[in-house]
Amino acid sequence: MAVAFEELSEAALVVDTIYKGGKVNGKGSEVLSKLLPNCSNSGGFRKVMRKDGSGLPAYVVLYTSMQELAWPDYLDEETGVFRYYGDNRTPGRTILDTPRKGNQLLEFVFDCLNSKDGAIKNIPPFFIFKKAGSGWDVQFLGLAAPGNPKISPDKDLVAFWRTMDGQRFQNYEAYFTVLETTQPISREWLNALIYNHDENLQYAPETWKRFIQQGRNGIVPLIAKKLPKIPTKYEQLQSDIEGTQCLKQIRKHYQNNPYGFENCAKDILEKMDERFQDFSLTRPWRDGGRDALGYYVIGNESKANYPLRIDCAMEAKCYAENHSVGVREMSRLISRIRYRQFGVLVTTSYVHEQAYKEVMEDGHPILIMSATDIANVLRKNAITSTNVLDWLISLDESDNHSTRRRIAAYYDRLHHG
């Protein structure tokens, strides 16, 4: 569905609808300032204030291209969770010293969310839009509330350090939830939020009322289950600039030592999920297609009961980005998975369509980690192009130390009969 530029001033907000920009040059064709009352015509954070003298925001627009590789805003349609980065994106300022005060707004909103003194009523609704199509076109992704019931309060707004051009600076990573809305969002509510805020809830969607009444536990996400599909080569390789540089260094580091990547892949797997545990590397000359054996541990943090330990076989392939993991390599891993065991393939490249198809259609229990997944894990663990080589060297040293211990233990057994 699309709404023409000439109809913007009367249009309601409907999830996934595209709102068309004008055809003249310049910001006279910009959409959001025409679609939303009192909204500005630029910026990622667009805060609209109440007219009651409170100095509080009526509502906030979050606009994203979803294409900025260094700051990868992301909507997970299957959970409704939306990740959004703050507006301190270059060195030279403190985390709160930004022209549009977007990070100040994030601090205020999440403080209200986690407060117990009724401050939640001061949280404005967030309307999320992304760039769509050509020109000034935008798509409405939904009404969002800060936080999520499955994200703990200490993780829904996180300050982290980045390095750019040799300079360090901080920014925020914030998590919102797109709320389930069955009806269009009316202009009556938008206007009430600005001009008659005390009465705005009579026009608000039911999910927003529930959030204001119950807070984090009242969030009802808009969930859209994805149909299974084979990811493209681009989807398996795509990454931001930092991730791309890290992957290049990993490939180069193990270019003449492919077995060394096994220890690296094991560490990546454990960094992705700490429940992957107790992996032991197989010897290259005895490798039957499984580069490491370990466990995935599911527990309830109880001292009385033992956790469930599921056998896991990992295979690692350090390939160039245009060298796919094919049917032969995938079939080898599949053939060696025992009963009640699952496999993990970790590769710096991608899985060929035919091999991926075999896994999906036959329902093989294989977890695939391609280049894009590796880049995401490194980013989450603060491994960048400036320190990735140090990390790789430390893995080599730990692997060599472990090998020396195994050799020493072997000769000790021989000596003592």
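## Val81, strand E6 and their surroundings

At 15% relative accessibility, Val81 counts as buried, because buried means under 20% relative accessible area. The model is a predicted one. Val81 belongs to strand E6. Leaving aside residues up to four places away in sequence, Val81 touches Tyr74, Leu75, Asp76, Asn148, Ile151, Tyr175 and Phe176. Val81 and Ala144 are 63 residues apart in sequence, yet their C-alpha atoms are 9.1 Å apart in space.

### Strand E6

E6 covers residues 81–85. Five of its five residues are buried, so the strand is largely enclosed by the rest of the structure. In a regular strand the side chains alternate between the two faces of the sheet. Here both faces are covered. Val81, Arg83 and Tyr85 are buried on one side. Phe82 and Tyr84 are buried on the other.

Which strands pair with E6? One is E5, residues 74–76. E5 and E6 run antiparallel and share three bridges. Asp76 has Val81 as its bridge partner in E6. Asp76 is also among the residues that Val81 touches. E5 and E6 form a hairpin, with four residues between them. Gly80 sits in that turn and has a positive phi of about 80°.

The other is E10, residues 167–178. E6 and E10 pair in the antiparallel sense over five bridges. Arg83 has Tyr175 as its bridge partner in E10. Tyr175 also appears among the contacts of Val81.

### The five-stranded sheet

Another part of the chain holds an open sheet of five strands. Their order is E11-E12-E13-E14-E15, and the pairing is mixed. E11 (276–281) and E15 (366–369) are the edge strands, each pairing on one side only. From one strand to the next, the twist averages 25°.

Strands of a sheet pair through backbone hydrogen bonds, either parallel or antiparallel. E13 (residues 308–317) and E14 (residues 341–347) run parallel, joined by seven bridges. Lys317 has Thr347 as its bridge partner in E14.

### Three loop residues

The table places three residues in their loops and gives their accessibility.

| Residue | Loop between | Relative accessible area | Class |
|---|---|---|---|
| Lys101 | E6 and H2 (102–114) | 32% | partly exposed |
| Ala382 | H10 (371–380) and H11 (388–415) | 53% | exposed |
| Asp273 | H7 (260–272) and E11 | 15% | buried |

Most residues other than glycine have a negative phi, and most peptide bonds are trans. Lys101 has a positive phi of about 55°, although it is not a glycine. Ala382 also has a positive value, with phi near 60°.

What does the side chain of Asp273 contact? It makes a polar contact with the side chain of Tyr296, at 2.8 Å. Asp273 itself is buried. Its loop leads from H7 to E11, and E11 is an edge strand of the five-stranded sheet.

### Helices H8 and H9

Two packed helices are described by the angle between their axes and the distance between the axes. H8 (residues 327–335) and H9 (residues 353–362) pack at an angle of about 25°, with their axes 8 Å apart. Angles under 35 degrees count as roughly parallel, so H8 and H9 are roughly parallel to each other.

Which residues meet at this contact? H8 brings Val327, Met330, Ser331 and Ile334. H9 brings Gln354, Ala355, Glu358 and Val359. The residues of the contact divide into five nonpolar, two polar and one charged.

### The whole chain

The chain has 417 residues, and buried residues make up 45% of them. It holds eleven helices and 15 strands. Along its principal axes, the C-alpha trace spans about 90 × 50 × 45 Å. Consider contacts between residues at least 6 apart in sequence: 62% of these join residues at least 24 apart.

Technical notes: Residues are numbered from 1 along each chain as its sequence is written. This is a predicted model: local features need pLDDT of at least 70, side-chain atom pairs count only at pLDDT 80 or more; totals for chains, interfaces and linings use all residues. Side-chain values use heavy atoms; hydrogens and water are left out. Buried means under 20% relative accessible area, exposed over 50%, partly exposed in between (1.4 Å probe, protein chains only). Helices (H or I, at least four residues) and strands (E, at least two) are DSSP runs, numbered from the N terminus. Two strands pair if DSSP finds at least two bridges between them. Axes are lines fitted to C-alpha atoms, for helices over the stretch in contact, and angles run from 0 to 180 degrees between N-to-C directions. A polar contact is a pair of N or O atoms within 3.5 Å; within protein, one must be able to donate a hydrogen and the other to accept it, and residues adjacent in sequence count only if both atoms are side-chain atoms. Angles under 35 degrees count as roughly parallel, over 145 as roughly antiparallel, 65 to 115 as roughly perpendicular and the rest as oblique. Contact means heavy atoms within 4.5 Å. Ala, Val, Leu, Ile, Met, Phe, Trp, Tyr, Cys and Pro count as nonpolar, Asp, Glu, Lys and Arg as charged, and the others, Gly among them, as polar.
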